[in-house]
Structure formats: C-alpha cells, structure tokens
Amino acid sequence: MSRVYNFSAGPAVLPESVLKQAADEMFEYRNSGMSVMEMSHRSTVYMDIIYEAEELFTKLMNIPSDYQVLFLQGGASLQFTMIPMNIMTANKKFDIIHTGLWTRKAIDDGAKLGTVNTIASSADRNFVYIPATDNLKPSKDADYLHICYNNTICGTKFTTLPDTGNIPIVADMSSCILSEEYDINRFGIIFAGAQKNIGPAGVTIVIIKKKLMKRAGKNLPAMLDFNVHAEKRSLYNTPPTYAIYIAKLVFEWLLNFGGVRAMEKQNRYKSSLLYDFIDNSKLFKGNVDREYRSLMNVTFSTGSKKMDTLFVKNAEKNALVNLAGHKSAGGLRASIYNAMPVEGVEKLIEFMKKFEMENL
Ligand code: PMP
C-alpha cells in the first residue's frame, strides 16, 4: 500500500500520525471496549473527547474567554444562513467584501433574510486580488461585515482588515483556520468547515463573541440558535462524534508540532517554495496578484487548457493527485494545507520542472 501526495482542496490530506493513531484506536478506544464511533455522546469517555477538543482548539487559536467555541453541523454553508438569522437582527442588513464564489453564496443566502450591501468586490478581474481595505468604510447601519478570509477557489487571502469600528467582522476561515496566527479580538465570528485544516468533513467550528449571541431573537428554531448550542456545550443533539475525535487528534498533532506559530512558519516556507518556482518558470504562471496570494491554495496555469489537463494526468501517474483547479475557475491548484509535508511540495516542484523541460 502506498500513499499519494494529495493536493485536494477539501476534504484534504490529514497527518499520517493521526490516521495511524485512529487506526490503532479504531477497534477499541483506550479501555472502553468499543470504537469511538459506537459511543454514546453522553458517555463520560466521549464527553472527555469533545471537551478536550474544545480546550485544545481554544489554546491553539488563543481564544479569549469572551468568545464561545461551537462544534456544529451543516458545513460552512449553513453559516451563510445561521449567522444572519442570529446576528442580523438590528437593521436586517450586512455588508460584504465580494471575493468569489464563497461570498457569492453568502450574498445569495443573506439576501433571502435581509439586505446585503457589497462594499467592495474583485469581480472586475475575476477575483485574482483582494480589494484594498485601508479606506473601506462599512455602512453605519450594517449589523456586521462578512468576509471570506481565504478564497479556496481563487487562491487569494486577506493581508489586512478594514477598520470597522463597532461593526463586527464575520470571517469565513474554512480554508485558512490554524494556518497562521490571528488576533481573535478583531473578529465577531470566525467559522470554518473542518475538512481542510481541522479534520474530516461533518463538523463546522464557529467561534463567536458571546456578546453577539445576545442578538438572537426568541423564535429561532433550536438547531439554528447559537445560544442553544452554547448552553449545551455543542451537545444539544448528537454531534458528529467521530469527526470531532479526529479533530482532537489533529489539534494534539499541531500542538506537538509547536502550535500555529510554528505551522505558519512552515506554511510560509512551503508556499514560497512553490510561488518562487512558478515565478521563475517559463511554462507556469500564477493566477493571483502577489500581495494577496494564499498560503493554502496555490492557483496557477500553463495558459493552455490542453496542457493543464496533460499536467494533471501526468502528475497523477507520479502520485501527485488532485491538482486540477476548481471547475468554476479552471487551471491548476495545489492545496497545501497544514498536513501537507514540505516533502510533498518539493516533489511537486521536482515534477513541475521535469514537465516544463519536456513540454516547453
Ligand atoms: N467557504 C469556503 C471558503 C470554502 O472553501 C468552502 C468549501 N470548500 C465552503 C465555505 C463551504 O463549505 P461546506 O462544504 O463545508 O459547506
């Protein structure tokens, strides 16, 4: 059996040591006589797992005590509805910086519940940059400002945040959470689907300033009310128990690695190896303006659809898989999340060099 280097945008590569530990504990978790998958979510042995996952995550992200961490379901996509339902309550309006498909979806869902005001957009150049934030002012009556911190599809990321005064920033961090250090105090809500830097699909993490939870009206259905989940510490109903267990193992792995600061250093190194190679290549060209390049999703192309397809096919034969761009964007994309070892990026560059020599 041999593993490949998996550059998938998500569900994505997981640390090998985590997979091995999960395999070891699959049949019987510690001395419980059963697999984690078979446990009641109300058992002490499982509650220890979920509470520890929450604690480790809080430590890794340096989350202050006036924030609540929630493990939810419905994917990051449900947050496009759940967040406005809970916090778009004063003026029924939010602002957004439109940077691609993931903000498009937030706009479309948000517009069903209130007014969505696009204060800046990079649609004019097909989302290859992030609009400048220095002079950006949110509307005075916006309940919050929504951004997608790292656009998984285009390979862009924010490097600065606008000064929004009292208006909270809601950040979709699905594809960059735990990849670099963030000052949580700058955000009202951070949310992320797990299937990139956290663990398997099925769990969505929401970090919310407790004060904002008070904005929710009384008539929200229980499953859509942050307060209900917070009161029950993410155990209001059956949570995705196994996904949370794997997330806990990933958090332990990341702490052993040295935490988010050490991982950010490695992510900067990995992405610069790849961007430097692309910048010096005669065949490959990066898609995104340098300043806004993602550390996680490196998007590039040969400029020819046929050549891109050949690249993906040949890479696959060399155990380098999932390098095609998102169907809406085309081109090529290497997602190099935390669990992608430096060696994987080096192997990819080696292959790109060879491909360039053979095809230029
Ligand atoms: N936001 C971003 C930035 C994403 O990359 C994704 C999925 N790739 C989503 C939201 C949607 O996540 P989910 O599939 O978990 O609903």
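Which residues have the most contacts inside the largest nonpolar core? The model on display is predicted, and this tour begins with that core.

**Stop 1: the largest core**

Select F57, L178 and F251, the residues with the most contacts inside the largest nonpolar core, which has 60 residues. Next, colour helix α7, residues 241–257: this helix gives the most to the core, with 10 residues. The core draws at least three residues from each of two domains, domain 1 (17–256) and domain 2 (259–359). A general tendency is relevant here: in soluble globular proteins, nonpolar side chains tend to be buried together.

Now centre the view on F57. Leaving aside its neighbours within four places in sequence, F57 is in contact with I63, V69, I177, L178, I205, I207 and F251. Apart from this core lies another, of 27 residues; among them are F7, L274, V298 and V345.

**Stop 2: the sheet of seven strands**

Display the strands as ribbons and follow the open sheet that 7 strands form in the order β2-β10-β9-β8-β5-β3-β4, with mixed pairing. At the edges are β2 (67–72) and β4 (115–121), each of which pairs on one side only. On average, neighbouring strands of this sheet are turned by 20° against each other, direction ignored.

Within the sheet, select strand β3 (residues 93–98) and strand β5 (residues 145–148). These two strands run parallel and are joined by 2 bridges. I96 has H146 in β5 as its bridge partner.

**Stop 3: strand β2 and its surroundings**

Return to the edge strand β2. Are its residues mostly covered or uncovered? β2 is mostly covered, as 6 of its 6 residues are buried. In a regular strand the side chains alternate between the two faces of the sheet. To see the two directions in β2, show Y67, V69 and F71, which point one way, and then Q68, L70 and L72, which point the other way; all are buried.

β2 pairs with β10 in the antiparallel sense over 6 bridges. Within this pair, L72 stands opposite T204 in β10. Add helix α2 (residues 44–61) to the view: the helix lies across β2 and β10 (204–209) and runs at about 130° to β2.

**Stop 4: where α7 meets α8**

Two packed helices are described by the angle between their axes and the distance between the axes. Select α7 together with helix α8 (residues 259–279). Their axes come within 7 Å and cross at roughly 75°. Because angles of 65 to 115 degrees count as roughly perpendicular, α7 is roughly perpendicular to α8. To view the contact itself, show W253, L254, L255 and F257 in α7, which meet G259, V260, A262, M263 and Q266 in α8.

**Stop 5: the sheet of three strands**

Keep α8 visible and add the open sheet of 3 strands, which has the order β11-β12-β14 and antiparallel pairing. β11 (285–286) and β14 stand at the edges with a single partner strand each, so one side of each has no neighbour in the sheet. α8 packs on this sheet and touches β11, β12 and β14; the direction of α8 makes about 15° with that of β12.

Examine the pairings in turn. β11 and β12 pair in the antiparallel sense over 2 bridges, and G286 has F300 in β12 as its bridge partner. Strand β12 (residues 297–301) also pairs with β14, in the antiparallel sense over 4 bridges. There, N297 stands opposite S335 in β14. Strand β14 (residues 332–335) is covered on both faces: L332 and A334 on one side, and R333 and S335 on the other, are all buried.

**Stop 6: special backbone sites**

Most residues other than glycine have a negative phi, and most peptide bonds are trans. What is the peptide bond from G10 to P11, cis or trans? The bond is cis, with omega near -10°. P11 is placed in the loop between β1 (5–6) and α1 (16–26).

Move on to R30, in the loop between α1 and α2. R30 has a phi near 45°, a positive value in a residue other than glycine. Finally, select N62 in the loop between α2 and β2. Its phi is near 55°, likewise a positive value in a residue other than glycine. N62 counts as exposed because its relative accessibility is 63%, and exposed means over 50%.

Notes
Residues numbered from 1 in each chain as written. Predicted model: local features only at pLDDT ≥ 70, side-chain atom pairs only at ≥ 80, totals over all residues. Heavy atoms only, no water. Core = buried A, V, L, I, M, F, W, Y, C linked by side-chain atoms within 4.5 Å. Buried < 20%, exposed > 50% of the residue type's maximum accessible area, 1.4 Å probe, protein only. Domains from an automatic or database assignment. Contact = heavy atoms within 4.5 Å. Pairing = 2+ DSSP bridges. Axes fitted to C-alpha atoms, helices over the stretch in contact; angles between N-to-C directions. Parallel < 35°, antiparallel > 145°, perpendicular 65-115°, else oblique.
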